[in-house]
Amino acid sequence: MKSIDVQAVKQRYGIIGSSKALDRAIEVAALAAPTELSVLIQGESGTGKEVLPQIIHQLSPRKHGPYNALNCGAIPEGTIDSELFGHEKGSFTGAHEARKGYFEVSNGGTLFLDEVGELPLSTQVRLLRVLETGEFIRVGSSKAQKTNVRVVAATNVEMVKAMANGTFREDLYYRLAMMSIKLPPLRERREDILLLFRKFAADSAERYRIKDPLRLSPEAQQLITSYRWPGNIRQLRNVVEQMNVIEQDREIDTTTLREYLPDVDSSVLPALVSRSNRSMDDQGAVLNLITELTKQVNALRAELDARSHGHPVVVPPIAPTYREDIILPPHTVQQGAMTIQMPGRSGEPSAASHDVTHEVVEETLSLEEKEKEMIRKALVKHRGRRKSAAQELGISERTLYRKINEYNIS
């Protein structure tokens, strides 16, 4: 097998990253280039799928031929056939003259079909015919024409589901995916996030003629690498551009960074994570944490039942749930093993212990009331300074504003 210098390819096309999954995708693209096989590139939106077709074209015997790219998802269904295959004069309203399509003008070269999973089924049939026979027919014509085009396609659609749902033809999928390449999302390339940040920060500073590029505090570096980046590389680049224009301070801390990361503190986890040193890289960790809390609360319930001397406190078992925008008080989590500290637990229960214990358990298990209480305490502690209170609670100032209005806290 021919050896591929992946580093040389990355340097030539300005690709940043050292993850194994990225290197493998580049290697497969370079190996596929000299062949005439159709290639299907799969990956989430914003992962940089548009770079691989250029690598394939430039390293192929077709490099001196035309290279054209078409975003299939951006073309209306009524005109996509005309864009791909061309049309004759008068074939539809507005067709004042004959027009060549992408398959005709790309003859002898490479055609990149981005978001191919968005093609309507009728167009998929015509595309399959071109791939199998090299023939196409213009809209409004009955004459078949020949073309010699290599197709490289890309999609962010889960093709297995699309075929099961009947929105994408199975025969077309296997014809496109003669060679398949998977680009990893940014959350699976965490070792590359800081490299990409520095690259985008330097490029942005040069573009706007700013002397000092953005840099991250150690805590901000930890936050930026643990964030899930649903928009992948495109989202990271946009965040850097925004901060470079808006922020005057060249060192970005976690408070500033949180303002640019959507939903970074809209769950039960962020304040908990920073205080318990737990990793929250995925939803499974969320469920594990909530399950652990559930076990401890139910154990507490059993202990209260035993202390009530035959008069059990009625506290319904808690099932693990996932609720957004809940602030847990910092003192509920300790370093190491996690514990729940409940008020009114010291000493032996008095004669009225049944009623008192019942009130305490209900208050403690009401996350909404506890949230209100912690917001009030933070505001009192910091004499109404909302920015300081937000930092104390481990949330953004914007989230604190919303919760103050939501709970009508004066």
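## Report on the predicted chain

Of the 410 residues of the chain, 45% count as buried, where buried means under 20% relative accessible area, exposed over 50%, and partly exposed in between, with a 1.4 Å probe and protein chains only. The model is predicted, so local features need pLDDT of at least 70 and side-chain atom pairs count only at pLDDT 80 or more, while totals for chains, interfaces and linings use all residues. Residues are numbered from 1 along each chain as its sequence is written, and side-chain values use heavy atoms, with hydrogens and water left out.

The chain has 18 helices and nine strands; these are DSSP runs numbered from the N terminus, helices being H or I of at least four residues and strands E of at least two. The accessible surface of the chain comes to about 22,000 Å², of which carbon and sulfur atoms hold 50%; areas come from the Shrake-Rupley method with a 1.4 Å probe, and for residues only the protein chains shown count as cover. Among contacts between residues at least 6 apart in sequence, 71% join residues at least 24 apart, a contact being heavy atoms within 4.5 Å.

**The sheet.** Five strands, in the order β2-β3-β6-β1-β7, form an open sheet with parallel pairing; two strands pair if DSSP finds at least two bridges between them. The edge strands, each pairing on one side only, are β2 (67–71) and β7 (179–182). From one strand to the next the twist averages 15°. Helix α2 (residues 20–32) packs on the sheet, where it touches β1, β6 and β7, and its direction makes about 155° with that of β7. Axes are lines fitted to C-alpha atoms, for helices over the stretch in contact, and angles run from 0 to 180 degrees between N-to-C directions.

Strand β1 (residues 39–42) is joined by four bridges to β6 (residues 150–155), and the two run parallel. β1 also pairs with β7 in the parallel sense, over four bridges. Val39 and Ile41 point one way from β1, Leu40 and Gln42 point the other way, and all are buried. Bridge partners of two β1 residues are listed below.

| β1 residue | Partner strand | Bridge partner |
|---|---|---|
| Ile41 | β6 | Ala154 |
| Gln42 | β6 | Thr155 |
| Ile41 | β7 | Ile181 |

**Pro184.** Pro184 lies in the loop between β7 and α9. With a relative accessible area of 6%, Pro184 is buried. Not counting residues up to four places away in sequence, Pro184 touches Ala21, Leu22, Thr47 and Arg189. Pro184 and Ala21 are 163 residues apart in sequence, yet 6.4 Å apart in space, C-alpha to C-alpha.

**Nonpolar cores.** A nonpolar core is a set of buried Ala, Val, Leu, Ile, Met, Phe, Trp, Tyr and Cys residues joined through side-chain atoms within 4.5 Å. The largest such core has 27 residues, of which Leu84, Phe103, Leu113, Val116, Leu127 and Leu176 touch the most other members. Two or more residues each come from α4 (80–85), β3 (110–114), α6 (121–133), β6, α7 (159–165) and α8 (170–176). The largest share, four residues, is given by α6. Leu84 touches Leu70, Gly101, Tyr102, Phe103, Leu113, Leu119 and Thr123, leaving aside residues up to four places away in sequence. Apart from this core lies another, of 24 residues, among them Phe200, Leu214, Val240 and Tyr260.

**Helix α10.** In helix α10 (residues 218–226) the buried residues are Ala220, Leu223, Ile224 and Thr225. They pack against α9 (190–207), β8 (215–216), α11 (232–246), β9 (251–252) and α12 (254–258).

**The C-terminal helices.** His382 is found in the loop between α16 (367–381) and α17 (386–393). His382 counts as buried because its relative accessibility is 14%. Beyond residues up to four places away in sequence, His382 touches Ser388, Ala389 and Glu392. The axes of α17 and helix α18 (residues 397–407) come within 9 Å and cross at roughly 100°. That makes α17 roughly perpendicular to α18; angles under 35 degrees count as roughly parallel, over 145 as roughly antiparallel, 65 to 115 as roughly perpendicular and the rest as oblique. From α17, Arg386, Lys387, Ala389, Ala390 and Leu393 make the contact, and from α18, Glu397, Leu400, Tyr401 and Ile404.
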